[in-house]
Amino acid sequence: MSDRPLAGAVALVTGASSGVGAATARRLSGEGAAVALVARRGDRLDQLTEDLTTGGGRAVAVAADITEPALAYRAVEDAHDLFGRLDIVVNGASVMVLDTALHTSVEEWDRMISLNVSALVHITHAALPYLIDAAATSPRRVADLVNVGSLVGRTARSVGSVYNLTKSGLNGFTESLRQELLSEGVRASVVAPGVVDGTAREAAHPPADPMSALRPDDVADVVAYIVTRDRHVAVNEIVVRAGGQTW
């Protein structure tokens with residue numbers, strides 16, 4: 001395999017202003033992909049874009065609140081228009097509010113559903129025609145949709161009922177897409193991390209020790225592994241925990 005297996009490919013990463021999204025953008029750029037960075041925080045995107053381009057990569061900032069359907073579609077269109085293709089989409093944008101149902105407001109629930117579900121659906125719907133085209137026309141003959149879920153999407157836990165709902169739904173959505181897109185050469189995958197440093201680790205139940213948290217780069221490594229496989233390999237789900245996480 002080439003030292004830069006994604007040379008010539010274009011990736012779009014949501015939630016790219018910080019955390020797992022930013023780490024994933026850096027990693028995919030390092031693998032040779034041009035990267036469209038999507039998030040609300042334009043100042044952070046501009047800084048990351050500068051870092052990547054200074055290092056010899058190709059990147060563009062697409063500042064957008066993707067909870068607005070029209071802006072989600074426009075973000076995908078802008079990325080495609082700027083680079084001329086779209087080979088990889090990583091839905092990394094997410095928000096987590098952890099508390100009991102009794103002590104969580106409906107507004108907080110709606111905020112999680114808007115970003116974790118609705119925005120993901122709109123980005124995906126806008127991107128699918130481009131991913132199918134990329135799989136048919138690129139030298140790699142494959143394209144990738146990677147949805148960043150959570151361990152709680154597999155086993156629900158307390159103090160996060162609606163967050164659990166959004167991540168469980170992500171799993172079902174991705175599996176259906178996997179089956180629908182098989183003949184199109186588009187792989188659909190879930191990355192399900194455990195506790196990640198920089199998230200609401202202190203609210204995890206049971207609490208997670210700081211030494212048993214993943215780094216954003218650890219999750220980015222998993223995403224890169226999935227999208228750099230040869231077309232005859234489809235890695236459809238990876239669960240990744242820190243070595244010290246007990247649940």
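## Glu-50 and its surroundings

In this predicted model, Glu-50 is part of helix H2, which covers residues 42-54. Its relative accessible area is 46%, so Glu-50 counts as partly exposed, a class that lies between the limit of under 20% for buried residues and that of over 50% for exposed ones. Although Glu-50 and Ala-61 stand eleven residues apart along the chain, a distance of 9.5 Å separates their C-alpha atoms.

## The nonpolar cores

Nonpolar side chains in soluble globular proteins tend to be buried together. Here the largest nonpolar core contains 43 residues, and those with the most contacts inside it are Leu-12, Ile-66, Val-76, Leu-86, Val-89, Ile-123 and Leu-131. Several helices and strands each give two or more residues to this core, including strand E1 (10-14), strand E3 (59-63), helix H3 (69-83), helix H4 (106-137) and helix H5 (161-181). The largest share, eleven residues, is supplied by H4.

Which residues does Ile-66 touch, if residues up to four places away in sequence are not counted? Its partners are Thr-14, Val-38, Ala-72, Ala-93, Leu-115, Ala-119 and Ile-123. Apart from the largest core lies another one, made of 34 residues, among them Val-13, Leu-37, Val-235 and Ala-242.

## Helix H4 and its kink

Helix H4 is built from 32 residues, and the distance from its first C-alpha to its last is 45 Å, which is close to the 46 Å expected at 1.5 Å a residue. The helix nevertheless has a kink of about 40° at Ala-127, a position shortly before the proline Pro-129.

## The second largest pocket

The second largest pocket holds about 180 Å³ of space. Its lining consists of 15 residues, and those nearest the centre of the pocket are Leu-182, Gly-185, Val-186, Arg-187 and Arg-231. H4, H5 and E6 are the elements that give two or more residues to this lining, with the largest share, three residues, coming from E6.

## Helix H6 and its packing

Helix H6 (residues 216-227) has twelve residues, which should span 16 Å at 1.5 Å a residue; because its end C-alpha atoms are 17 Å apart, the model agrees with this expectation. Among the buried residues of H6 are Asp-218, Val-219, Ala-220, Val-222 and Val-223, together with Ala-224, Ile-226 and Val-227.

What do the buried residues of H6 pack against? They pack against helix H1 (19-30) and against four strands, namely strand E4 (88-91), E5, E6 and strand E7 (237-240).

Conventions:
Residues are numbered from 1 along each chain as its sequence is written. This is a predicted model: local features need pLDDT of at least 70, side-chain atom pairs count only at pLDDT 80 or more; totals for chains, interfaces and linings use all residues. Side-chain values use heavy atoms; hydrogens and water are left out. Buried means under 20% relative accessible area, exposed over 50%, partly exposed in between (1.4 Å probe, protein chains only). A nonpolar core is a set of buried Ala, Val, Leu, Ile, Met, Phe, Trp, Tyr and Cys residues joined through side-chain atoms within 4.5 Å. Contact means heavy atoms within 4.5 Å. The expected span of a helix is 1.5 Å times one less than its number of residues. The bend at a residue is the angle between axes fitted to the seven residues ending there and the seven starting there. On a 1 Å grid over the protein atoms alone, a cavity is a set of points where a 1.4 Å probe fits but cannot get out, and a pocket is an open set with protein on both sides within 12 Å along at least five of seven lines; lining residues have an atom within 4 Å of a point. Grid points are joined across faces, edges and corners, and a volume is the space filled by probe spheres set on the points.
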